[in-house]
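Visitor: I would like a close look at one part of this model: the packing. Could you walk me through it in detail?

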Amino acid sequence: MENKFFEDIRSDFPILNERVYNKPLVYFDNGATTQKPRCVVEKIDYAYYHLNANIHRGVHFLSQQATLAHEDARKSVAEFLGSNKSEEIIFTRGTTEAINLVATSFGEAFCKSGDEIVVSVMEHHSNIVPWQMLCERKGMKLRVIPMTEAGDLDMDVYKSLLNERTRIVSVMHVSNVLGTINDVAEIIRIAHEKDIPVLIDGAQAVPHIPVAVVKLDADFYVFSGHKIYGPTGIGALYGKEKWLNAMPPYQGGGEMIASVSFEKTTYNELPFKFEAGTPDYIGSTALAEALRYVSEIGLDKIAKYEHDLTTYATERLNEIDGLKLFGTSSDKSAVISFLVGKIHPYDIGMLLDKLGIAVRTGHHCAQPLIDSLGIPGTVRASFSFYNTKAEIDVFVEALKRVVMMLS
Ligand code: PLP
């Protein structure tokens, strides 16, 4: 029943019918980006054909319609994240820009020499480098939460890292390499005991599990539209009003001002203070459509289906001699990273590609994590609700062939 529902859903994604090297495409690179349902692509067309005019400044009809669509999209994002204040949603180019915004603005307002930032060993580069840059600018220190063999964060060490110098904790909700679903509610609770704010990188969480930022009590929560069936180039930052109001603007320009003179400029209110220049109002409109699409299916249903897929794939992969999984947490999302014997992950990825199967190989923008594991990288298969057990069978049989060729 459930399987039939998700099999039928494939017809919403025309690209899944593509053939590569004359083989049916098996797309297992959803952690990098997801494919787009027809309704999202059509929404982009519709917005350009019927709603295109620069927003906020126009008195004319089209501009008002485009403004309405953009601001409605902001409400959709707020609602999707479980917040009832749309002014706490800032549109960004994606997760990376959202973290850079916080690292720069929060850093400017609240950080000084000698302070510390806590991240984890499994972070994506986009949740490491902006903080490192802040540390370099201000003479601060980055402290790193280690993990266990299974790929769970070591909560005892985490607690011991927090002190009066800690200015912010910034960790991922779901690991893009290990699939671990971190206990972010507990991470936030522990930090808040010491009045330390927490940023959660939700890039790999929001497409797969229900998220409620207010319930979590996250201070900042960020994600990318393209990983949740939306267009590229748009994402969002949720930030508590009290922080966003106390932070200086990230970029200067049009839209983010209240008034400008050569003597003094005053800034606009939230959320516009953080959205300098013409925003991606077509992108936001299409992102709202993607969120509507996902919500209509239901994230509980998606999480359950993808969990079954991941369990099935794990069982089947374990049939392969010498295959080692990285990330065996009891609470895992739809990501499987592995190596087989001493075969280089790149070689496996190249040969799978020739068989029509798209996986990702390498360090997955998490070089410190890969280094800590002492490996050259992994092969990563990451699933979406449009993937099927039949595709996993094709993948496992192809992998067996590839391993035989390379051993
Ligand atoms: N954080 C995580 C956990 C990710 O997986 C990614 C992308 O793979 C990012 C951040 C960066 O996302 P973007 O490139 O869309 O800004």
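Guide: What follows goes from the domains to the helix pairs, then to two loops.

The model is predicted, so local features need pLDDT of at least 70 and side-chain atom pairs count only at pLDDT 80 or more, while totals for chains, interfaces and linings use all residues. Numbering starts from 1 along each chain as its sequence is written, and side-chain values use heavy atoms, with hydrogens and water left out.

Start with the domains. The chain splits into domain 1 (2-28 + 298-406) and domain 2 (41-296), with bounds taken from an automatic or database domain assignment. Their C-alpha centres are 28 Å apart. Domain 1 brings 35 residues to the contact and domain 2 brings 29 residues; contact here means heavy atoms within 4.5 Å. About 2,500 Å² is buried between domain 1 and domain 2 (accessible area, 1.4 Å probe, that two parts lose on being put together, summed over both). Carbon and sulfur atoms give 59% of that area. On the domain 1 side, L299, S333 and L369 lose the most area to domain 2. Together they supply 24% of what that side buries.

Now domain 2 and its helices (DSSP runs of H or I, at least four residues; strands are E, at least two; both numbered from the N terminus). Helix α3 (residues 61-80) meets α10 (281-297). Their axes come within 8 Å and cross at roughly 40° (lines fitted to C-alpha atoms over the stretch in contact, with angles from 0 to 180 degrees between N-to-C directions). That makes α3 oblique to α10 (under 35 degrees is roughly parallel, over 145 roughly antiparallel, 65 to 115 roughly perpendicular, the rest oblique). The crossing is left-handed (near helix turned anticlockwise from the far one by less than a right angle; clockwise is right-handed). From α3 come A66, A69, H70, A73, S76, V77 and F80. From α10 come Y281, S284, T285, L287, A288, L291, V294 and S295. The class count is 10 nonpolar, five polar and no charged residues (Ala, Val, Leu, Ile, Met, Phe, Trp, Tyr, Cys and Pro are nonpolar; Asp, Glu, Lys and Arg charged; the others, Gly among them, polar).

Next, helix α4 (residues 95-110) and helix α5 (residues 129-138). The axes come within 9 Å and cross at roughly 25°. α4 and α5 are therefore roughly parallel. Their crossing is right-handed. α4 offers I99, N100, V102, A103, T104, G107 and E108. α5 answers with P130, W131, L134, R137 and K138. By class, the α4 and α5 contact has six nonpolar, three polar and three charged residues.

Then the third pair. Helix α12 (residues 345-354) packs on helix α14 (residues 389-406) at about 125°. The axes are 10 Å apart. α12 and α14 are therefore oblique, and α12 passes α14 in a right-handed crossing. D347, I348, L351 and L352 of α12 touch F395, A398, L399, V402, M405 and L406 of α14. Nine of these residues are nonpolar, none polar and one charged.

Two backbone details finish the tour. The L270 to P271 peptide bond is cis, with omega near 0°. P271 sits in the loop between β12 (265-267) and α10. Y21 has a positive phi, near 50°, though it is not glycine. Y21 lies in the loop between β1 (19-20) and β2 (23-24).
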